[in-house]
Amino acid sequence: MTTRRPAKATRSKTDSQPWLHMNGVQIQEFGTVRMFPLGLSRDARMYSCERLNQILADTQILHALYKKHHWLMRGPTFYQLHLLLDKHADEQLELVDQIAERVQTLGGVAVGDPRHVAEITVIPRPPNGCEEVPAMLSRLIEAHETILVACHDAASRAQEMGDDGTNDLLVSEVIRTNELQTWFLIEHLVDTPLVETPGS
């Protein structure tokens, strides 16, 4: 049977017992910003954190979709798409970290718990099973577009409010990465022969 230490337990300097099963209180609620001396108004930082957390939630879902479809890929292009989707997943994971760190930099609280992410995201939930390959690719493309639409709007508004850092992150990293990945997926949905036979 384990016992919980009281919140303000005392221990000797020679005690090597780890403090397990600790309870704590929230020191900052989600949806709030701390006052940081960043040369940005509270309203600007609050707005950016709200928009970034939405994009962050959707990006975490997109990363998860990439991993799922990477595992479930089928057919003659399995090898190429299996590797491509894993590469894209890694790049999305980098974006997750960059977006979350921007929220924290602005004094906010980044959404991180998968259950919280599921409550916030606007990316539709896929079937639990395996879809046909074109459907999986289309689902990824649609998720990218959802994120891109949000990013264009949020970047423009962040710039208007003087938040150049958020604008730069969204334009230079998130938008460009999502546009490039969308292009790579779209080209896999073009039905064209590998070789044009003479006289056909």
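Visitor: Before we look around, what does "buried" mean here?

Guide: Buried means under 20% relative accessible area, while exposed means over 50%. This is a predicted model, and of the 200 residues in the protein chain, 38% count as buried.

Visitor: How many helices and strands does the protein chain have?

Guide: Five helices and zero strands. Reading from the N terminus, the order is α-α-α-α-α.

Visitor: How do I read the radius of gyration, and what is it for the protein chain?

Guide: Set it against the globule rule. For 200 residues that rule gives 16 Å, and the protein chain comes out at 22 Å, well over it, so the chain is more spread out than a compact globule. The C-alpha trace spans about 90 × 50 × 30 Å along its principal axes.

Visitor: And the inside? Which residues of the largest nonpolar core touch the most other members?

Guide: The general idea is that nonpolar side chains tend to be buried together in soluble globular proteins. In this structure the largest nonpolar core has 42 residues, and Ile55, Ile99, Leu170 and Val174 touch the most other members. Helices α1 (42–72), α2, α4 (133–160) and α5 (164–187) each supply at least two residues of this core, with α4 giving the most, twelve residues.

Visitor: What is Ile99 in contact with, leaving aside its neighbours within four places in sequence?

Guide: Ile99 is in contact with Leu52, Ile55, Leu56, Thr59, Leu169 and Val174.

Visitor: Now the charges. How many salt bridges does the structure hold?

Guide: Seven. To read one, check the distance between N and O, then ask where the two partners sit in the chain. Take Asp86 and Lys67, whose closest N and O atoms are 2.6 Å apart. Asp86 is in helix α2 and Lys67 in helix α1, so this pair ties together parts 19 residues apart in sequence.

Visitor: Which parts of the chain does the pair of Asp163 and Arg102 link?

Guide: Their side chains meet in a salt bridge at 2.6 Å, N to O. Asp163 is in the loop between α4 and α5 and Arg102 in helix α2, distant parts of the chain, 61 residues apart. Both Asp163 and Arg102 are buried.

Visitor: What about Arg157 and Glu160, where do they sit?

Guide: In helix α4, three residues apart, which puts about one helical turn between them. Their salt bridge is 3.2 Å, N to O. Arg157 is partly exposed at 35% relative accessible area, whereas Glu160 counts as exposed at 57%.

Visitor: Last one: which residues form a nonpolar patch on the surface?

Guide: Phe78, Tyr79 and Leu83, with about 310 Å² of accessible area together. Tyr79, in helix α2 (residues 78–105), is exposed, at 56% relative accessible area.

Technical notes. Residues are numbered from 1 along each chain as its sequence is written. This is a predicted model: local features need pLDDT of at least 70, side-chain atom pairs count only at pLDDT 80 or more; totals for chains, interfaces and linings use all residues. Side-chain values use heavy atoms; hydrogens and water are left out. Patches are made of residues with over 30% relative accessible area and no salt bridge: like charges are joined within 9 Å, nonpolar side chains (Val, Leu, Ile, Met, Phe, Trp, Tyr) within 5 Å. Accessible areas come from the Shrake-Rupley method with a 1.4 Å probe; for residues, only the protein chains shown count as cover. A salt bridge is a side-chain nitrogen of Lys or Arg within 4 Å of a carboxyl oxygen of Asp or Glu. Helices (H or I, at least four residues) and strands (E, at least two) are DSSP runs, numbered from the N terminus. Buried means under 20% relative accessible area, exposed over 50%, partly exposed in between (1.4 Å probe, protein chains only). A nonpolar core is a set of buried Ala, Val, Leu, Ile, Met, Phe, Trp, Tyr and Cys residues joined through side-chain atoms within 4.5 Å. Contact means heavy atoms within 4.5 Å. The radius of gyration is taken over C-alpha atoms; the globule rule is 2.2 Å times the number of residues to the power 0.38.
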